[in-house]
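Subject: Handing over the structure

Hi,

Here is the structure I promised to pass on to you. Have a look at it first, and then read on for a short tour of what turned up.

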Amino acid sequence: MVENFPNGWNPPRKLSREAMEGLRQLYHLDKTKFTTPVLAEKFRISPEAVRRILKSRWEQPKEKRAKQAEKDRQHMLLNRLRDKLRERKEVEEILQAKRGRSWGVDTKDKFTFE
């Protein structure tokens with residue numbers, strides 16, 4: 001290993017914990033279909049990185065995992081609220097723009113809708 005990595009192991013592309021877990025699940029689902037080279041190509045990482053991920057048994061503590069899940073839920077909720085607020089503002093702008101318009105047969109006969 002020292003010959004292959006004289007400066008130590010420092011991969012150029014790193015995976016998130018969720019991606020690592022997904023990689024492990026795929027491998028354990030079907031080891032003949034999801035071989036190391038196939039997983040390396042799918043996740044765009046080196047076969048050595050795949051080998052190390054599959055070899056590793058480290059898992060994040062449950063408390064920390066639960067905190068992260070709660071933080072992710074709050075972040076998603078905040079994004080949804082922002083999107084709804086943005087949509088509401090866009091609708092109000094459209095309605096205000098339409099209120100100023102006049103409708104009718106000709107310029108002398110005008111109707112306005114509110």
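A good place to start is Arg-24, which is buried, with a relative accessible area of 11%. The cut-off for calling a residue buried is under 20%, so Arg-24 falls in that class. Please keep in mind that this is a predicted model.

Where does Arg-24 sit? Arg-24 belongs to helix α1. Setting aside its neighbours within four places in sequence, Arg-24 is in contact with Ile-53, Leu-54, Ser-56 and Trp-58.

Two of those partners, Ile-53 and Leu-54, also lead us to the packing of α1 on α3, since both are on the α3 side of that contact. Helix α1 covers residues 17-29 and helix α3 covers residues 47-55; their axes come within 10 Å and cross at roughly 85°. That makes the two helices, α1 and α3, roughly perpendicular. On the α1 side the contact is made by Met-20, Leu-23, Arg-24 and Tyr-27, and these meet Val-50, Ile-53 and Leu-54 of α3. By class, this contact has six nonpolar residues, one charged and no polar.

Helix α3 has another partner to look at, helix α2 (residues 36-43). The axes of α2 and α3 come within 8 Å, with a crossing angle of roughly 110°. This means that α2, too, is roughly perpendicular to α3. Here Thr-36, Leu-39 and Ala-40 from α2 meet Pro-47, Val-50, Arg-51 and Leu-54 from α3. Five residues of the α2 contact with α3 are nonpolar, one is polar and one is charged. If you click on Val-50 and Leu-54, you will find them in the contact with α1 and also in the contact with α2.

Finally, the largest pocket. Its volume is about 480 Å³, and 22 residues line it. Which residues lie nearest its centre? They are Arg-17, Glu-18, Met-20, Glu-21 and Arg-24, so our starting residue Arg-24, buried as it is, appears here as well. Helices α1, α3 and α4 (62-99) each supply at least two residues of the lining, and α1 gives the most, with five. The lining divides into 10 charged, nine nonpolar and three polar residues.

I hope this helps you find your way around. Happy browsing!

Best wishes

Notes:
Residues numbered from 1 in each chain as written. Predicted model: local features only at pLDDT ≥ 70, side-chain atom pairs only at ≥ 80, totals over all residues. Heavy atoms only, no water. Axes fitted to C-alpha atoms, helices over the stretch in contact; angles between N-to-C directions. Helix = DSSP H or I, 4+ residues; strand = E, 2+ residues; numbered from the N terminus. Parallel < 35°, antiparallel > 145°, perpendicular 65-115°, else oblique. Contact = heavy atoms within 4.5 Å. Nonpolar A, V, L, I, M, F, W, Y, C, P; charged D, E, K, R; others polar. 1 Å grid on protein atoms, 1.4 Å probe; cavity = no way out; pocket = protein on both sides within 12 Å on 5 of 7 lines; lining within 4 Å. Points joined across faces, edges and corners; volume = space filled by probe spheres on them. Buried < 20%, exposed > 50% of the residue type's maximum accessible area, 1.4 Å probe, protein only.
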